[in-house]
Amino acid sequence: MANKAALEGGPDDLRDRIVEAAPPGEDLKVAHRGGYEHFRSTSRTQDGPEGPLPVYEWWERTEIAE
């Protein structure tokens, strides 16, 4: 699962919890319900189907500007 990451926290109805990982040092931004859920990298990993995945933790939501 190279270049994949596990998401932790955020909205309960967030569909995908395994996503493309962000480049090193960058946060993940996931479009969801007219806004973005932001996740930050942690030092933790989670077992995935093909090995350990870096864990990103939810930290804020922003709305899409119209």
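Q: Two strands count as paired once DSSP finds at least two bridges between them. With that in mind, what makes strand 1 and strand 2 a pair in this predicted model?
A: Strand 1 and strand 2 share three bridges, and the cut-off is at least two, so they pair. The sense is antiparallel. Within these strands, alanine 6 stands opposite isoleucine 18 of strand 2.

Q: How do you know that strand 1 and strand 5 pair, and in which sense?
A: Here too there are three bridges, and at least two are needed, so the rule is met. Strand 5 covers residues 51–63, and its pairing with strand 1 is parallel. Glutamate 8 has glutamate 57 in strand 5 as its bridge partner.

Q: What joins strand 4 to strand 5?
A: 11 bridges do, with strand 4 (residues 35–48) and strand 5 running antiparallel. Since the rule asks for at least two bridges, they count as a pair. Look for histidine 38, which stands opposite glutamate 60 in strand 5.

Q: Why is the pairing of the five-strand sheet called mixed?
A: The open sheet has the order 2-1-5-4-3. Strands 1 and 5 pair in the parallel sense, while strands 1 and 2 pair in the antiparallel sense, and the sheet is given as mixed.

Q: Why do strand 2 and strand 3 each have one side without a neighbour in the sheet?
A: Strand 2 and strand 3 (28–32) are at the edges and have a single partner strand each, so one side of each has no neighbour in the sheet. On average, neighbouring strands of this sheet are turned by 45 degrees against each other, direction ignored.

Q: Is histidine 32 buried or exposed?
A: Histidine 32, in strand 3, has 12% relative accessibility and counts as buried, because the limit for buried is under 20%. Leaving aside residues up to four places away in sequence, histidine 32 touches Pro11, Asp13, Leu14, Glu37 and Arg61.

Q: What lies over the face of tryptophan 59, and what over that of tyrosine 36?
A: Arginine 40 takes the tryptophan 59 spot, 3.5 Å from the ring centre. Over tyrosine 36 it's lysine 29, at 4.3 Å. The distance part of the rule is within 6 Å.

Q: How many aromatic pairs turn up?
A: Zero by the rule used, which asks for ring centres within 6.5 Å.

Q: Which strand has the lowest confidence and which the highest?
A: Strand 2 (residues 18–20) is lowest at a mean of 94, and strand 1 (residues 4–8) is highest at 96. The protein chain has a mean pLDDT of 91, with 97% of its residues at 70 or more.

Methods. Residues numbered from 1 in each chain as written. Predicted model: local features only at pLDDT ≥ 70, side-chain atom pairs only at ≥ 80, totals over all residues. Heavy atoms only, no water. pLDDT = per-residue confidence, 0-100. Helix = DSSP H or I, 4+ residues; strand = E, 2+ residues; numbered from the N terminus. Phe/Tyr/Trp six-rings, centres within 6.5 Å; stacked < 30°, edge-to-face > 60°. Lys NZ or Arg CZ within 6 Å of the ring centre and 35° of its normal. Axes fitted to C-alpha atoms, helices over the stretch in contact; angles between N-to-C directions. Buried < 20%, exposed > 50% of the residue type's maximum accessible area, 1.4 Å probe, protein only. Contact = heavy atoms within 4.5 Å.
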